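Reader: Could you take me through the reading of cysteines, salt bridges and a buried side chain in a model of this kind?

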Amino acid sequence: MTEVAEIPGNGMLRLSRWESLDPNLVCGITTAERGDLAVAEASPERVASVYADLARELGFRRVSVPTQVHGTDLREIGASPVPDSGACTVHRAGRVDGQLADGPGWLLAATAADCVPVYLWSRELARIGLIHAGWRGAAAGILPRAIARLVDGSDRSPPGAAGDLRVHLGPAICGRCYEVDTPVLSAFGLRGTRAQLDLRGVLAAQATTVGVAPEALTSSLYCTSCGPGDLHSHRASGGTAGRMAAFLGLRSD
């Protein structure tokens with residue numbers, strides 16, 4: 001696994017390492033400079049407007065937004081014609097923590113403020129995925145499940161079957177800042193009452209186990225708690241932080 005630093009600019013961190021491989025690929029996360037992208041207290045209309053504005057800025061007319069519940073359910077979005085009108089359509093993906101999309105035209109979104117946004121991309125299959133992985137989802141195996149579903153359409157895939165899949169573990173709380181207690185440790189088969197947990201390290205090991213090549217696996221250098229960068233952190237703020245919006249999409253030619 002390689003650690004990389006996303007490139008800051010215009011209230012975002014962009015994964016140029018991926019975007020340089022395909023001019024139609026858009027990958028990154030907003031920063032606290034843009035405020036609270038989840039706008040939890042706002043009306044549904046206001047939430048839709050925020051995501052529609054972000055999608056248009058990134059060159060999309062369709063954005064899919066989930067209601068995250070720290071589970072392992074995934075929503076698959078098939079290819080469909082891009083709307084003829086100039087309006088941006090906001091799709092409600094439902095109560096899921098991962099989305100997979102076939103082909104171009106969709107911008108996938110996920111919110112984060114310590115949990116790990118996980119980006120999946122197979123250039124060969126023209127498929128993308130965006131996963132929200134907190135400790136519950138990671139312990140329950142949302143990432144291996146998403147990789148298997150993206151690669152071959154099933155929930156299980158043998159080691160070595162990930163093909164050309166690339167995986168990036170985005171800005172999240174680092175292991176030095178993330179101290180957890182017995183219930184969390186037990187969920188990962190660990191003993192103890194208090195310990196530091198490197199959630200991105202756990203996810204990286206899971207990805208490798210199901211066949212993602214080490215050279216295709218990257219992790220952000222950014223920690224939401226200790227920096228660098230202007231990022232929301234639920235833990236560092238004592239629960240008062242806003243949310244950032246992770247995003248991944250393939251633009252139409």
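Author: The turns below take up these features one after another, and the model in question is a predicted one.

Reader: How many disulfides does the count come to?

Author: In general, a disulfide is a covalent bond between the sulfur atoms of two cysteines. In this predicted model the count comes to 0 disulfides. C88 takes part in none, since the nearest cysteine sulfur, that of C27, is 18 Å away, and C88 is itself buried, with a relative accessible area of 13%.

Reader: Why is there no bond between C223 and C226?

Author: A disulfide requires the two sulfur atoms to be within 2.5 Å. The sulfur of C223 has that of C226 as its closest cysteine sulfur, but the two are 3.6 Å apart, which is too far for a bond. As for its surroundings, C223 is buried, at a relative accessible area of 2%.

Reader: Turning to charged residues, how many salt bridges are there, and which residue does E57 meet in one?

Author: The general idea is that side chains of opposite charge can pair when their charged atoms come close. Here the count comes to 8 salt bridges, and one of them joins the side chains of E57 and R34, with an N to O distance of 2.7 Å. This pair links distant parts of the chain, for E57 belongs to helix 2 (residues 44-57) whereas R34 sits in the loop between strand 4 and helix 2, 23 residues apart. E57 counts as partly exposed at 40% relative accessibility, and R34 likewise counts as partly exposed, at 28%.

Reader: Which residues are linked with E76 in a network of salt bridges?

Author: The network links E76 with D102, R127 and R149. R127 and E76 form a salt bridge in which the closest N and O atoms are 3.1 Å apart; because R127 lies in strand 11 (residues 127-133) and E76 in strand 6 (residues 74-77), the pair ties together parts that are 51 residues apart in sequence. E76 also forms a salt bridge with R149, with the closest N and O atoms 3.0 Å apart, and since R149 lies in helix 4 (residues 142-152), this pair ties together parts 73 residues apart in sequence. E76 is partly exposed, at 38%, whereas R127 is buried, at 10%, and R149 is buried, at 14%.

Reader: Is T30 buried or exposed, and which backbone atom does its side chain reach?

Author: T30, which lies in strand 4 (residues 25-30), counts as buried at 0% relative accessibility. Its side chain reaches the backbone nitrogen of A245 at 2.8 Å. Leaving aside neighbours within four places in sequence, T30 is in contact with residues including G11, L54, M244 and F247.

Methods
Residues are numbered from 1 along each chain as its sequence is written. This is a predicted model: local features need pLDDT of at least 70, side-chain atom pairs count only at pLDDT 80 or more; totals for chains, interfaces and linings use all residues. Side-chain values use heavy atoms; hydrogens and water are left out. Buried means under 20% relative accessible area, exposed over 50%, partly exposed in between (1.4 Å probe, protein chains only). Helices (H or I, at least four residues) and strands (E, at least two) are DSSP runs, numbered from the N terminus. A polar contact is a pair of N or O atoms within 3.5 Å; within protein, one must be able to donate a hydrogen and the other to accept it, and residues adjacent in sequence count only if both atoms are side-chain atoms. Contact means heavy atoms within 4.5 Å. A salt bridge is a side-chain nitrogen of Lys or Arg within 4 Å of a carboxyl oxygen of Asp or Glu.
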